[in-house]
Structures are given as structure tokens and as C-alpha cells.
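Q: I would like a close look at one part of this model, the aromatic residues and the places around them. Please set that part in the context of the whole chain.

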Amino acid sequence: MRNKFLVHSLLFFGALLLVSCKEEAAKEALPVLAKEQLEKKVVLSTNFEVLFNQKSKTALNNWASYLTLDNEVDRIKSATVKDILSNSNSLLVAIDSVAATTPTDFKNKPIAARIKTLKVKAAMLKQLNDFHDFTPEEVEQYAQEVYTAYQNFQLQLNEVYLEGLRDFEKNFDRIDSGVA
């Protein structure tokens, strides 16, 4: 009986050793990006930004989780590949906080859907970092997707306080003309 236990224990630890050695070899086989690739500035297309009406601004300025998320996304606009990847977890935490603390005025299906979309895009960005299998171009692409999803989320937030089609058209006219 004791010999059986000893044999099973040795087999278990042998298999564990074999698996851990394979994981180490796999990690070493991953391409290591050069420092200049990690320090590459990410260039995002930021030609689409939401201009909030006064009611939206007031409500959003009182929502601490939203302000935190806004700062996290703002950091992406002028970040390096390394910065974006190292801050991907903070971005996900901020999105979770926004989802958990959404004020009643903003609790509706379209906004919830935008939050979920934003979270999926941010999770994809974090996954690049977790698996260390990325190129700077992929990081830039996912960062752009996060930024676009965030702008769509903001657009949905602004629509809560738009009083009608006329206000909606005014908002787009201001965006097109670049007037804040």
C-alpha cells in the first residue's frame, strides 16, 4: 500500500516537473520585443470626440468612477506600447467600477451594452499583455478599438439628456465644425 502511494507520488511530481519545464520553454520561445518597440508611441485616430451638453457634463462630473475611466482612456491617447499594456488592468478595473456604480439616469440597456463592449475591448487588450504574444501594431489596433468603444459609450451617455432630434443634430453639427 505504501509502495503504491510512493509510486503515485513520484508519477505526479514527475508529470508536474515535465509540465513546468514545457511552460518555461514556451515562455522562452516567445518573441521578445526590443526596447524601441515597447517605447513606440501609439497613434490613435481621435477625430471623433463627444461634446457633452450641460446636463450631461454636470451628471458626469458627479460620477467618480466615470471620471477615473475618463482619465484611464485619456492616458491611452499619448501612451507607449509598454504603458498601454501595463495599464490594461487598471482600465478594466475602472470599467468594472463604472458598471457597478452607474447612476439611475444612465441605467438603461444601450448604456449597459456600451459598457460591455468597452469591457470586451479592454479585456482583449489585457489578454495581449497576459500572453506576451503581440506586436506593437496589434496593441495599437486594440487601443484604437478601446478608444472608439469609449467614444461610443460617451455618445450614449450624452443622449440621455438630449431633448429631441434638434439637440441631437446640434451636437453632431458642433462635432463636424469642431466647436466645443
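A: The account below starts with the chain as a whole, goes through the aromatic residues, and then turns to the residues and the cavity described alongside them.

The model is predicted. Its chain has nine helices and zero strands, and the order along the sequence is α-α-α-α-α-α-α-α-α. Of its 180 residues, 33% count as buried. The chain exposes about 11500 Å², with carbon and sulfur atoms supplying 57% of that area. Among contacts between residues at least 6 apart in sequence, 81% join residues at least 24 apart.

Now the aromatic residues. The structure holds five aromatic pairs. One of them is tryptophan 63 with tyrosine 66: the ring centres are 5.8 Å apart and the planes stand at 25°, so this pair is stacked. The class follows from the angle, because planes under 30 degrees apart count as stacked. Tryptophan 63 has a relative accessible area of 4% and is buried. Tyrosine 66 also counts as buried, at 4% relative accessibility.

Tyrosine 66 takes part in another pair, with tyrosine 150. Here the centres of the rings lie 6.4 Å apart and the planes are at 15°, so the pair is stacked. The centre distance is within the 6.5 Å that a pair requires. This pair links distant parts of the chain, since tyrosine 66 belongs to helix α4 (residues 64–76) and tyrosine 150 to helix α8, with their positions 84 residues apart in the numbering. Both tyrosine 66 and tyrosine 150 are buried.

The residues of these two pairs belong to one aromatic cluster, formed by Trp63, Tyr66, Phe106, Tyr150, Phe153 and Tyr161.

Tyr161 of this cluster leads to two other residues, phenylalanine 52 and serine 56. Phenylalanine 52 sits in the loop between α2 (35–38) and α3. At 14% relative accessibility, phenylalanine 52 counts as buried, because the limit for that class is under 20%. Phenylalanine 52 and tyrosine 161 are 109 residues apart along the chain, and their C-alpha atoms are separated by 9.3 Å.

Serine 56 lies in helix α3 (residues 54–61). With a relative accessible area of 0%, serine 56 is buried. Its side chain and that of asparagine 158 are joined by a polar contact of 3.0 Å. Leaving aside neighbours within four places in sequence, serine 56 is in contact with Leu157, Asn158 and Tyr161. Serine 56 thus touches Asn158, its polar partner, and Tyr161 from the aromatic cluster.

Helix α8, which holds tyrosine 150, also holds two glutamines to be described here. Glutamine 144 is found in this helix, at residues 136–159. A polar atom of the glutamine 144 side chain lies 2.6 Å from the backbone nitrogen of serine 45. Not counting residues up to four places away in sequence, glutamine 144 touches Leu44 and Ser45. Glutamine 141 is placed in α8 as well. Its relative accessible area is 42%, and glutamine 141 is partly exposed. Glutamine 141 and leucine 44 are 97 residues apart in sequence, with a C-alpha to C-alpha separation of 8.6 Å. Leucine 44 therefore appears twice, as a contact of glutamine 144 and as the partner in the distance from glutamine 141.

A residue of helix α7 gives a further long-range pair. Alanine 113 is found in α7 (residues 109–131) and, at 40% relative accessibility, counts as partly exposed. The C-alpha atoms of alanine 113 and glutamine 156 are 9.8 Å apart in space, while the two residues are 43 apart in sequence.

Helix α4, the helix of tyrosine 66, also contributes to a cavity. The count comes to one cavity of 30 Å³ or more. About 70 Å³ of space lies in the largest cavity. Its lining consists of Glu72, Arg75, Ile76, Ala79, Asp83, Ile84, Asn87, Ser88, Leu91 and Leu125. At least two lining residues come from each of α4, α5 (81–86) and α6 (88–100). The most come from α4, with three residues.

To return to the part asked about: tyrosine 66 is stacked with tryptophan 63 and also with tyrosine 150, and all three residues are members of one aromatic cluster.

Terms used:
Residues numbered from 1 in each chain as written. Predicted model: local features only at pLDDT ≥ 70, side-chain atom pairs only at ≥ 80, totals over all residues. Heavy atoms only, no water. Helix = DSSP H or I, 4+ residues; strand = E, 2+ residues; numbered from the N terminus. Buried < 20%, exposed > 50% of the residue type's maximum accessible area, 1.4 Å probe, protein only. Polar contact = N/O pair within 3.5 Å; in protein donor to acceptor, adjacent residues only side chain to side chain. Contact = heavy atoms within 4.5 Å. Areas by Shrake-Rupley, 256 points an atom, 1.4 Å probe, with all protein chains shown as cover. Phe/Tyr/Trp six-rings, centres within 6.5 Å; stacked < 30°, edge-to-face > 60°. 1 Å grid on protein atoms, 1.4 Å probe; cavity = no way out; pocket = protein on both sides within 12 Å on 5 of 7 lines; lining within 4 Å. Points joined across faces, edges and corners; volume = space filled by probe spheres on them.
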